[in-house]
Amino acid sequence: MLLDIGFLDDATRPRPIRLEGLTEAQRAPGLHLKEVHDHLRGNMLTLGRLIERAAAGGQNAAALTAEAANLAMVANYRRFGVLCGEHCQIVNMHHSIEDAAIFPAIAAQGPGFKAIADRLRAEHVVVHQLLERLIDALGELADEPGAQKFAATLEIYRALERVLLSHLGYEEEAIGDALGAFDIF
């Protein structure tokens with residue numbers, strides 16, 4: 001089911017560049033980024049609970065899909081979507097801002113930061129592909145609960161959880177301090 005998604009190997013990530021001697025004010029934007037990411041992490045927990053409820057039956061596809069679609073994370077993907085080259089991806093406002101403004105500003109700080117920004121953009125594509133598939137799978141599972149659909153939905157959820165949580169942590173580590181050090185955010 002997920003063979004056509006280009007998963008990214010964590011070991012191939014560019015190493016974060018350590019910035020020394022930062023003030024509390026310079027570290028503040030990175031802490032704000034973590035707060036935003038914590039909200040996304042909370043949404044992942046909610047999506048996991050939706051899968052469990054769908055597998056148990058008792059709730060129709062429309063209700064589950066509506067609940068999933070109303071999560072701030074998913075709503076932002078739909079409201080502030082942009083086209084991403086050959087693969088039309090719906091992206092949320094957070095990723096749109098990063099892709100359009102923050103990553104170019106990070107990349108301008110030198111080749112090491114450019115490699116990090118390019119990697120983070122590539123990870124956004126994978127996250128979006130998985131999120132779209134999860135929403136579709138949730139609706140199918142709620143419509144026709146069963147072991148096979150539950151397993152398929154759980155596979156997508158676990159992949160999204162692994163990729164997104166890893167991405168968020170890497171992003172915080174790789175650009176959190178740079179946001180304030182270079183007055184980007």
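Me: Before we get to Val 125, what counts as a helix here?
Reply: A helix is a DSSP run of H or I with at least four residues, and helices are numbered from the N terminus. Bear in mind that this is a predicted model. With that in hand, Val 125 can be placed: the run covering residues 111-143 holds Val 125, and that run is helix H5.

Me: Is Val 125 buried, partly exposed or exposed?
Reply: Buried needs under 20% relative accessible area and exposed needs over 50%. Val 125 comes out at 29%, so the label is partly exposed.

Me: How far is the C-alpha atom of Val 125 from that of Ile 5?
Reply: Along the chain, Val 125 and Ile 5 are 120 residues apart. In space, their C-alpha atoms are separated by 9.6 Å.

Me: What does the chain look like overall, in terms of helices and strands?
Reply: Reading along the sequence gives α-α-α-α-α-α. As for strands, the count is zero, and the helices come to six.

Me: What share of the chain's residues is buried?
Reply: The chain has 185 residues, and a residue is called buried when its relative accessible area is under 20%. By that cut-off, the buried share is 43%.

Me: Which element gives the largest share of the largest nonpolar core?
Reply: That core has 20 residues, and the members touching the most others are Met 44, Leu 47, Leu 130, Leu 134, Leu 160 and Leu 164. Two or more residues each come from helix H1 (24-56), H5 and helix H6 (147-181). With eight residues, the largest share belongs to H5.

Me: Which residues does Leu 160 touch, leaving out those up to four places away in sequence?
Reply: A touch here means heavy atoms within 4.5 Å. On that basis, the partners of Leu 160 are Met 44, Val 127, Leu 130, Leu 131, Leu 134 and Leu 165.

Me: How many residues are in the second, separate core?
Reply: Among its members are Ile 102, Phe 103, Ala 117 and Leu 120. The full count for this second core is 17 residues.

Me: What kind of aromatic pair do Phe 113 and Phe 182 form?
Reply: Searching the whole structure turns up one aromatic pair. Its rings sit 5.4 Å apart, centre to centre, with 85° between the planes. Planes over 60 degrees apart get the edge-to-face label, so Phe 113 and Phe 182 are edge-to-face.

Me: Which parts of the chain does that pair tie together?
Reply: Phe 113 is buried at 5% relative accessible area, while Phe 182 is partly exposed at 29%. The two residues are 69 apart in sequence, so the pair links helix H5 with the segment after H6.

Terms used:
Residues are numbered from 1 along each chain as its sequence is written. This is a predicted model: local features need pLDDT of at least 70, side-chain atom pairs count only at pLDDT 80 or more; totals for chains, interfaces and linings use all residues. Side-chain values use heavy atoms; hydrogens and water are left out. Buried means under 20% relative accessible area, exposed over 50%, partly exposed in between (1.4 Å probe, protein chains only). A nonpolar core is a set of buried Ala, Val, Leu, Ile, Met, Phe, Trp, Tyr and Cys residues joined through side-chain atoms within 4.5 Å. Rings of Phe, Tyr and Trp (its six-membered ring) pair if their centres lie within 6.5 Å; planes under 30 degrees apart count as stacked, over 60 as edge-to-face and the rest as tilted.
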